Amino acid sequence: MVTQIVRTSILSYKSNGPQVFAYLPVRRKWQRETLLGWLQNRLMTTSKRVQDRSTTKRVQDLEIVTEKWKIVSKVKAVMEILNEEPETIIPVRNLERHRIKINLPKPHKISDFLRKSPKLFELYKDQRGVLWCGMTKGAEDLVEEEGRLIEEHSDKVAEYVTRCLMMSVDRRLRLDKIANFRRDFGLPVDFRDKWVHRYPELFKVVKLVDEVSYLELVSWNPDWAITELEKRVLGVNESSNHQPGMLSLSFPLRFPSNYKKVYRHREKIDHFQKRSYLSPYADAKGLTAGSLEFDKRAVAIMHELLSFTLEKRLVTDHLTHFRKEFVMPQKLMRLLLKHMGIFYVSERGKRFSVFLTEAYEGHELIEKCPLVVWKEKLLSLVGYREKKKKILTFGDLSDLEDSVLIESSSEHENISMHFGREDTMVGVEDALLADNDEMNIGEFGLAGWNSEKS
């Protein structure tokens, strides 16, 4: 909010009455609001916006990471929708119902988005002229590979979910809130119906008086009550005698290379790093909100949650949903911006993302799990520019018969993909969504898809 000095006059019966200066915000109806009321509101909104952050505090490499994972998320959402269909094909117009899940805003057309990935999606018009979409053989192989990797990752993510329950105040979390972490943790699509019942020795689904489903901790595992920071800094391994309590650990810091004002805040940073705090796995009901220990424990919880994720990144909205359960401050964004050496908040898109800075070297994740490698493989098949050919109908395919199939298959063998860092710098997502760039579409019909699968 912009504030300026507004000259006001005290109303009096004298024409030459005294004049004073008051600080008032520039707003449309400031005359209707008393100064006391404005001051109260102002004190409640002192946190800085991410958009107002100086350019020296922005990390371009992590902005690139945000951009490319946004594309992967959209493509992966379409693949999940197709995989749920009986024949893994769907009319393109039916995908409009899933626009929110795909996160493709209007006026961008879904058909144009699909045309940008001919190595993953095939388009075809039936006899009535309805446009259909299906996955290529390569995309189907990727879906099978992802399912296998998620199954191999299942035990590890069960540990992470259990540790989240151990950090919560009541040792339980709402199931729909955990659903926000599904892709970030590597949970399967059917985790609500099937996966949550695979580990009865760790957690169980319960319904309270409000008829809302919760995931509740069954048994406390002291071997898991050790933070990732303790393992890395102190070298503490699993120990049955470990009891969570007070910690005095320094968080790894990584500031933007062009940020030269770190030395000005060195004293405050050192004071924060040396401060003791309560372990995220210890009982925090007695903590006073706003205290110094309270804030550092909140940083430790966010550090732990980000360490559980595949990409060491989360949408900030997902974190704010757990403020009450994890005893975190109301103004979580202000805390993230304040500790920019530990976290980095990206402002790309409608929702902000927060990164664990220590996990990245430039724009590359230092430690990549198999599911992250799989996403990079998927990303390498996205984005191809060429002149768009006519989408063939069923009648066209009948006339061309086998010759079209042979030419089409040889065409796809020679496709080259151009997806470099320079394109990402100018906005990879814009390149995918732009209507001016045209690309080939595989000339396979519904019969072609079914014959490939058989």
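Colleague: What makes the contact between the side chains of Glu364 and Lys368 a salt bridge?

Modeller: The term requires a side-chain nitrogen of Lys or Arg within 4 Å of a carboxyl oxygen of Asp or Glu. Glu364 and Lys368 meet at 2.7 Å, N to O, so the pair fits the definition. This is a predicted model, in which local features need pLDDT of at least 70 and side-chain atom pairs count only at pLDDT 80 or more, while totals for chains, interfaces and linings use all residues. Side-chain values use heavy atoms, without hydrogens and water, and residues are numbered from 1 along each chain as its sequence is written.

Colleague: Why is Glu364 called partly exposed?

Modeller: Buried means under 20% relative accessible area, exposed over 50%, and partly exposed in between, with a 1.4 Å probe and protein chains only. Glu364 has 31%, so the middle class applies. Lys368, at 33%, is also partly exposed.

Colleague: Which residues are joined into one network by salt bridges that share partners?

Modeller: Lys76, Glu80, Lys101, Glu146, Arg182 and Arg183. The search of the whole structure finds 27 salt bridges.

Colleague: Why does the salt bridge between Glu145 and Lys377 tie together parts that are apart in sequence?

Modeller: Their side chains meet at 3.1 Å, N to O. Glu145 belongs to helix 5 (residues 137-152) and Lys377 to helix 14 (residues 370-379), so the bridge links parts 232 residues apart in sequence. Helices here are DSSP runs of H or I with at least four residues, strands are runs of E with at least two, and both are numbered from the N terminus. Glu145 is buried at 19%, whereas Lys377 is partly exposed at 37%.

Colleague: How do you know that Arg163 is buried?

Modeller: Its relative accessible area is 0%, which means that Arg163 falls under the 20% limit. Its salt-bridge partner Glu159, at 3.1 Å, N to O, is buried too, with 7%. Both residues lie in helix 6 (residues 154-167), four residues apart, about one turn of the helix.

Colleague: What makes strand 7 and strand 8 a pair, and how many bridges join them?

Modeller: Two strands pair if DSSP finds at least two bridges between them. Five bridges join strand 7 (residues 203-207) to strand 8, and the two run antiparallel, so they pair. One of the bridge partners is Ser213 in strand 8, set against Lys207. The two strands form a hairpin with five residues between them, and Glu211 in the turn has a positive phi of about 60°.

Colleague: Why is strand 8 called mostly covered?

Modeller: Four of the five residues in strand 8 (residues 213-217) are buried.
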